[in-house]
Amino acid sequence: MIDWLQAHSPFPDTRRALGPETDAPGLLAAGGELTIERLQAAYRRGIFPWFGPGQPVMWWSPAPRMVLPVSQFKLSRSLRKTIARFRRTPGCELRIDNDFPTVIRSCADKPRDGQDGTWIVPAIQEAYGHWHLAGQVHSFETWIDGELAGGLYGVNVGRMFFGESMFAHRTDASKIALAALVCFCRANGIDVIDCQQQTEHLASLGAVPWSRERFEAHLKQVVDHPRPEVWAYDDSFWSQLTEPPASSPESPLLP
């Protein structure tokens, strides 16, 4: 059985989350409110809300936890070429927090294999919109010729970034935003990006599974550190990516 949270009641010990042998591995609790205070308390402990339309708020602490150590980000040759072309093409720009409402709506509207509907329900959009205005939820946005081509959003607590969702309207636009997030994190002393769930796609980018104990130990070390003061993307951040190989195959232009 999981706990049913009342207003202002604390979260249970994350070790009480349902195990892999259940129908909902990682489910910890249900109920409660989606206030900034509740969300802040949750993320500091590695807990996040995830629920569908018509469902109560459900809180999760999956184990193992997929994380991307930013030092291990795998930049393919084709993506490196795409980023280089993006940087030198007039009308292409990486922005942070320029249009968060559209980013989160686009993430909610993106069709996903094996999913009917979205977990980014209106209540989530509203709650994270308020948290964004409070300065702890941020969007990384790929702009091409004045249009939002792709991006991602996530939560910042201390020196930790929790990735939430991404979308792309044009080829590689979300990957460019992710690479920019990695660069921003490297430049600002954020060593790990939380990816929540294990997927082959995340693994191909360098994400690895951590035990709950390791993940929570890392959180204790970083969540009380001062968070980055300036959330704006400087072109110099791209230098955080390693130099490209001597010869790489050309990648197609962004369509």
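Trainee: In which sense do β8 and β9 pair, and over how many bridges?

Mentor: This is a predicted model, and in it β8 and β9 form a hairpin with two residues between them, where G158 in the turn has a positive phi of about 60°. Within the pairing, G151 stands opposite F167 in β9. The sense is antiparallel, and the two strands are joined over eight bridges.

Trainee: Which strand pairs with β9 in the parallel sense, and over how many bridges?

Mentor: Two facing pairs show where the strands meet, since F161 stands opposite I193 and F162 stands opposite D194. The path between these strands runs through helix α5 (residues 173-187), and together the three elements make a right-handed β-α-β unit. The parallel partner of β9 is β10, over two bridges.

Trainee: Is β9 largely enclosed or not, and how many of its residues are buried?

Mentor: The order of the open sheet, β6-β7-β8-β9-β10-β5-β11, places β9 between β8 and β10, and helix α7 lies across β9 as well as β5, β8, β10 and β11. The strand is largely enclosed by the rest of the structure, because the buried residues of β9 number seven of the nine.

Trainee: Which strands stand at the edges of the seven-stranded sheet, and why is one side of each left without a neighbour?

Mentor: The sheet is open and has mixed pairing, with the order β6-β7-β8-β9-β10-β5-β11. Each edge strand has a single partner strand, so one side of each is left without a neighbour in the sheet, and these edge strands are β6 (92-96) and β11. Neighbouring strands of this sheet are turned against each other, direction ignored, by an average of 30°.

Trainee: Which residues make up the covered face of β6, and which the uncovered one?

Mentor: In a regular strand the side chains alternate between the two faces of the sheet. β6 pairs with strand β7 (residues 137-144) in the antiparallel sense over five bridges, and the bridge partner of I96 there is F140. The covered face of β6 consists of C92, L94 and I96, and the uncovered one of E93 and R95.

Trainee: Which residues of helix α7 are buried, and why do they line one face of the helix?

Mentor: The buried residues of α7 (residues 212-222) are R212, F215, H218, L219 and V222. Seen down the helix axis, they fall within an arc of 130°, so they line one face. On the other side, E213, R214, K220 and Q221 are exposed, whereas the cover over the buried residues includes α1 (36-44), β5 (65-69), β8 (147-157), β9 (160-168), β10 (192-196) and β11 (208-210).

Trainee: At about what angle does α7 run to β9?

Mentor: The helix lies across β5, β8, β9, β10 and β11. Relative to β9, the direction of α7 is at about 110°.

Trainee: How many residues does the largest nonpolar core have, and which have the most contacts inside it?

Mentor: Helix α3 (residues 100-109) gives the most to this core, with five residues. Y128 touches, among others, L39, Y43, F100, I104 and Y153, not counting residues up to four places away in sequence. A second, separate core of 38 residues includes F161, I190, C195 and W238. The largest core has 47 residues, and those with the most contacts inside it are Y43, W59, Y128 and Y153.

Note on methods. Residues are numbered from 1 along each chain as its sequence is written. This is a predicted model: local features need pLDDT of at least 70, side-chain atom pairs count only at pLDDT 80 or more; totals for chains, interfaces and linings use all residues. Side-chain values use heavy atoms; hydrogens and water are left out. Buried means under 20% relative accessible area, exposed over 50%, partly exposed in between (1.4 Å probe, protein chains only). Helices (H or I, at least four residues) and strands (E, at least two) are DSSP runs, numbered from the N terminus. The arc is that of the directions from the helix axis to the C-beta atoms. Contact means heavy atoms within 4.5 Å. A nonpolar core is a set of buried Ala, Val, Leu, Ile, Met, Phe, Trp, Tyr and Cys residues joined through side-chain atoms within 4.5 Å. Two strands pair if DSSP finds at least two bridges between them. A crossover is right-handed if, with the strands pointing away from the viewer, the path from the first strand over the helix to the second runs clockwise. Axes are lines fitted to C-alpha atoms, for helices over the stretch in contact, and angles run from 0 to 180 degrees between N-to-C directions.
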